[in-house]
Amino acid sequence: MANIKPFCMPKWGIEMTEGTIAEWMVKEGEPFTKGQLLCLIETDKITNEVEAEYDAVLKRLLTPASEEALPVGALLAVFADADTPDAEIDAFIDGFKPAETSVAAKGGGSAPAPAATPAPAATPAPARQPKKIITNRAISPEALKLAEAEGVDIEPIAGSGRNGRITYQDVVQAMRPERAASFKGAAQLVEDTAEAFASPLARRIAAQHGIALAGITGTGPRGRISKADVLALVKPTTAAAPSFGAPFELVANQPTVQPFDKVRKVVARRLTEAKQTIPHFYLRVSASVDALMDLRKTANLVLGTKASINDYLVKAVAMALVKHPDVNVQVHGDAVHSFPHADVAIAVASPKGLVTPIVRQADRMHIAQIAATTRALIDKAQAGKLGFEDMDGGTFSVSNLGMFGIENFDAIINPPQGAILAVGGVNRVAVEAENGDISFESRMQLSLSVDHRAIDGAAGAQYLQTLKGLLEGPEGLFA
């Protein structure tokens with residue numbers, strides 16, 4: 001038996017009921033290869049290019065290009081091997097049975113294929129009762145099982161599979177009640193007439209621009225009016241130049257020169273030297289602070305204080321420094337000075353610039369003491385009354401810009417200290433819970449700038465892990 005295959009009107013989507021052959025790219029008797037463009041088929045919505053799925057020859061072209069709509073499943077052409085006799089092609093066409101659907105029945109007269117003998121009616125059976133289905137229709141085994149189990153008549157079903165094969169989804173769809181179509185926003189298009197033979201897209205563009213299609217000479221196949229023909233008649237619009245208020249004249253943009261004061265000069269010099277002479281490297285981590293914020297509310301009520309999140313952070317930083325003395329250091333030339341207690345400098349914006357007053361031996365302080373000390377230092381800084389003893393020394397610095405909405409940043413080390421912690425804002429983020437659900441938690445971004453001359457990466461990482469543990473388990477801050 002020769003390898004003969006029918007080419008029928010395909011079905012693209014549930015709503016497609018018919019299509020129109022706009023143009024054939026292969027002539028009768030010509031061979032084609034897999035992937036080659038065979039024809040253009042138009043529906044109410046789109047124009048699709050149909051590509052070959054295998055190598056063959058177009059042995060018989062039954063439906064030439066025209067403006068007549070053909071139902072889904074209608075036989076359009078016959079493909080076969082080059083040496084297939086014409087007699088076998090004729091016999092195949094005579095015995096071909098298209099899908100018996102309501103759409104095909106309504107428009108079957110428009111198809112040039114010979115009329116097929118209707119299939120014998122199925123034996124009536126009680127609704128949704130198992131029955132044996134005997135058919136020569138192409139149907140998948142699972143679809144046949146479902147149809148037999150549910151008592152579905154498969155004859156009215158238009159198969160959406162290859163070559164009209166009935167799929168499992170087709171049977172499921174047939175079991176559902178019909179839904180009334182709801183059309184919204186349909187454009188008022190010019191209907192095809194003898195004087196206006198146009199593609200759907202050309203008619204839509206013409207309707208949008210108020211162009212009459214009658215009298216336009218089409219350049220498409222068989223004189224069909226194409227999109228390009230209509231666009232050529234669309235009058236270009238000249239957009240008016242936007243107006244953004246009355247015109248203005250440029251004025252002198254003179255700067256105000258303000259020399260560095262003594263404090264700004266010192267800060268600028270020290271930061272420049274630090275960035276140029278200290279080999280910085282950076283370690284970043286985030287910590288959940290929901291427990292810390294809850295504990296802060298309770299502890300402040302019990303202790304009668306107004307300690308801020310930054311005060312608790314200073315306490316956690318100091319306790320972690322005592323546990324990791326190789327981070328609680330100063331660098332002086334070729335020597336590293338380690339300290340048993342943590343003198344934590346806090347970065348404060350003052351009228352005279354950035355200053356870093358020191359909370360001395362913060363590891364030994366209670367939260368209420370840290371809150372009182374930092375409040376006094378901030379008040380002195382903003383009043384410009386910090387003395388040399390308030391800023392001399394320090395074994396570690398904390399710079400917190402979270403209150404300004406900054407998510408994360410990297411700070412410059414304040415020499416001779418060996419590290420500085422940059423603290424970002426607290427943000428609500430989605431995380432996976434232990435049971436696999438998605439929940440939200442408050443997380444704080446931390447970035448540790450480290451002097452690589454004195455502190456190794458592993459030491460800095462271990463310090464951040466201890467700090468993260470204290471922030472996420474804040475009960476340890478009162479140990």
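Two strands count as paired if DSSP finds at least two bridges between them, and helices (H or I, at least four residues) and strands (E, at least two) are DSSP runs numbered from the N terminus. Keep that in mind for strands E17 (residues 419–432) and E18 (residues 438–451), which pair in the antiparallel sense over 12 bridges.

Before you start clicking, note that this is a predicted model, where local features need pLDDT of at least 70 and side-chain atom pairs count only at pLDDT 80 or more, while totals for chains, interfaces and linings use all residues. Residues are numbered from 1 along each chain as its sequence is written, and side-chain values use heavy atoms, with hydrogens and water left out.

**The whole chain**

Show everything as a cartoon: there are 12 helices and 18 strands. Of the 479 residues, 39% are buried, where buried means under 20% relative accessible area, exposed over 50%, and partly exposed in between (1.4 Å probe, protein chains only). Switch on a surface and you are looking at about 28000 Å² of accessible area, 54% of it from carbon and sulfur atoms; these areas come from the Shrake-Rupley method with a 1.4 Å probe, and for residues only the protein chains shown count as cover. Taking contact as heavy atoms within 4.5 Å, 58% of the contacts between residues at least 6 apart in sequence join residues at least 24 apart.

**First stop: the open sheet**

Select E1, E8, E6 and E3, which lie in that order in an open sheet of 4 strands with antiparallel pairing. E1 (5–8) and E3 (31–32) are the edge strands, each with a single partner, so one side of each has no neighbour in the sheet. Now add helix H1 (residues 86–95), which packs on this sheet and touches E1, E6 and E8. Its direction makes about 65 degrees with that of E6 (axes are lines fitted to C-alpha atoms, for helices over the stretch in contact, and angles run from 0 to 180 degrees between N-to-C directions).

Next, zoom in on E6 (residues 56–61) and E8 (residues 75–80), an antiparallel pair with 4 bridges. Valine 57 faces alanine 80 of E8 across this pairing.

**Second stop: valine 398**

Jump to strand E16 (residues 396–400) and pick out valine 398. At 2% relative accessibility, this valine counts as buried. What surrounds valine 398, leaving aside neighbours within four places in sequence? Its contacts include Asn310, Leu313, Val317, Ile346, Ile420 and Val423. Valine 344 is another of them; its C-alpha atom is 7.2 Å from that of valine 398, though the two are 54 residues apart along the chain.

**Third stop: E16, E17 and E18**

E16 runs parallel to E17, joined by 4 bridges. Serine 399 stands opposite alanine 422 in E17, and alanine 422 in turn has serine 447 of E18 as a bridge partner. Follow E17 into the hairpin with E18: 5 residues lie between the strands, and glycine 436 takes a positive phi near 95 degrees.

**Last stop: helix H12**

Finish by selecting residues 457–472, the 16 residues of H12. Its end C-alpha atoms are 22 Å apart, which agrees with the expected 22 Å at 1.5 Å a residue (the expected span is 1.5 Å times one less than the number of residues). Among its buried residues are Ala459, Tyr463, Leu467 and Leu471. The buried residues of H12 pack against strand E9 (280–288), helices H8 (290–303) and H9 (309–323), and E16, E17 and E18.
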